[in-house]
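Here is a short note on this model, for reading beside the coordinates. The points run from contacts and cores to the cavity.

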Amino acid sequence: MVKQAPIAVIAGGGDLPGLVIRSAMEQGRDVVTIAIKGEADASLSAFNPVELGWGQIGKLFSTLKSNGVQDVVLIGAVRKRPDFTSILGDFGTIWRLPRIIKAVVGGDDHLLVKVAGIFEREGLHVVGAHEVAPGLVASPGHVAGPTPDAKALSDMKLAIEAVDAVGRLDIGQGAVAVGARVVAVEGAEGTDAMLERVAGLRANGRVRSKGAAGVLVKCSKPQQDLRLDMPTVGPETIQKASDAQLKGVCVEAGRVLVAHRDEVERLCDELGVFLYGCTRDEDFEAGER
C-alpha cells in the first residue's frame, strides 16, 4: 500500500482541530499541525504544532512544502478577521499581500473560498474535515434523547426554512423556532450566543411555553463549500439548548459535524434533549408520531 503524503491541519480555536488531527493519525497519515497564533487551543501542544501568526504566510507555505504536504484542512474558529493592511509580515506575506487583501473583502463564504484559492494557487489541495474525519459527520434520523413529537417536528420544519433564508444571505447557520414561531436566527455572534439570547427571552417572558418547547436547527448554507466552515454542534450546544428550555436540536445529516458524539448522546439522554439528523426536503408530516 502506497503511503499517503502528509496532511496539514491549519487550526483555529476550539477542540475540533484536535479531533480531526487524531482521526487523520488513526488512518495512518502524518499530520503537520499549524496553530494560528492567538486563536488555536492550547491542547494542540500535544501534536507539536508550528505556531504561526498572520504575518508569516511565507513561512507557512515553506513549512508545508518542506514537509511534503499536498492536502490541507482549514478547521477551527477564528475570532476576528486579520487586518493584513496593518501587518508588516515576512517576504512571503508581502508579495502575496494584494491577493490576500482581496480575499478578506466580502462575507464569510466569500472570504473562505478566496483563502482556499490562495492555497490552491500554491499547488495544495484543500480538503474538508468531513473527508478526513467522516466519523464526525451527522447521521440521519433520530440519534439520541426523547423521540421528537409532532410539535417539535413542525418547529423543525419552520426553523429549516429560516436557516435556508439566512444562509442564502451568508448570515448564519442556525435558527430557533418555538410554538410555530421563529424566535432567533444566528448572526455573527454564533450559535452559543444565540441560544443564550433565547434563554434570556424565556426568562423575560418574550417567549412563553409550558415546559420545554422548540427546536434549534443547524444546517450548512445552501451555497456552502463543505470543505470550509462546516457547521458543528457539540456538548455545549446540547447544554445551552437545555438551558434555553428547547426540546431538541436538529442538524442537517451529512452536512454538519457532531463533536464528541458519545458525550453529546449522553447529555441528550440525561437532559431530555433530542438530537435529530434531517434533510432540507424531509417530509416531517409523514414522520409525525
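1. Contact here means heavy atoms within 4.5 Å. Please keep in mind that this is a predicted model.

2. Start with V249. Which residues does V249 touch, leaving aside its neighbours within four places in sequence? The partners are L216, I238, A241, V273, F274, L275 and Y276. V249 falls within strand β11, which spans 248-252.

3. V249 belongs to the largest nonpolar core, a set of 27 residues. Together with V176 and L246, V249 touches the most other members. Five elements each supply at least two residues of this core: β8 (182-185), α7 (191-203), α8 (235-243), β11 (248-252) and α9 (261-271). Helix α7 gives the largest share, with four residues.

4. Another core lies apart from that one. This second set has 22 residues, including L19, L44, L136 and A259.

5. Now look at L60, in helix α2 (residues 57-66). Is L60 buried or exposed? L60 counts as buried, because its relative accessibility is 9% and the cut-off is under 20%. Leaving aside its neighbours within four places in sequence, L60 is in contact with I10, I34, L52 and F119. Of these, I34 is 26 residues away in sequence. The C-alpha atoms of L60 and I34 are 8.0 Å apart.

6. Next, empty space. Rolling a probe the size of a water molecule over the atoms shows where such space is left. The structure holds one cavity of 30 Å³ or more. The largest cavity contains about 30 Å³ of space.

7. What lines the largest cavity? The residues are A138, S139, V143, V251, V258, R261, L275, Y276 and G277. By class, six are nonpolar, two are polar and one is charged. Strand β13 (residues 274-278) provides the largest share of the lining, three residues. Two of the lining residues, L275 and Y276, also appear among the contacts of V249.

8. Finally, the overall figures. The protein has nine helices and 13 strands. Of its 289 residues, 49% are buried. Consider contacts between residues at least 6 apart in sequence: 75% of them join residues at least 24 apart. The accessible surface comes to about 13,600 Å². Carbon and sulfur atoms account for 53% of that surface.

Definitions and conventions. Residues numbered from 1 in each chain as written. Predicted model: local features only at pLDDT ≥ 70, side-chain atom pairs only at ≥ 80, totals over all residues. Heavy atoms only, no water. 1 Å grid on protein atoms, 1.4 Å probe; cavity = no way out; pocket = protein on both sides within 12 Å on 5 of 7 lines; lining within 4 Å. Points joined across faces, edges and corners; volume = space filled by probe spheres on them. Nonpolar A, V, L, I, M, F, W, Y, C, P; charged D, E, K, R; others polar. Buried < 20%, exposed > 50% of the residue type's maximum accessible area, 1.4 Å probe, protein only. Areas by Shrake-Rupley, 256 points an atom, 1.4 Å probe, with all protein chains shown as cover. Core = buried A, V, L, I, M, F, W, Y, C linked by side-chain atoms within 4.5 Å.
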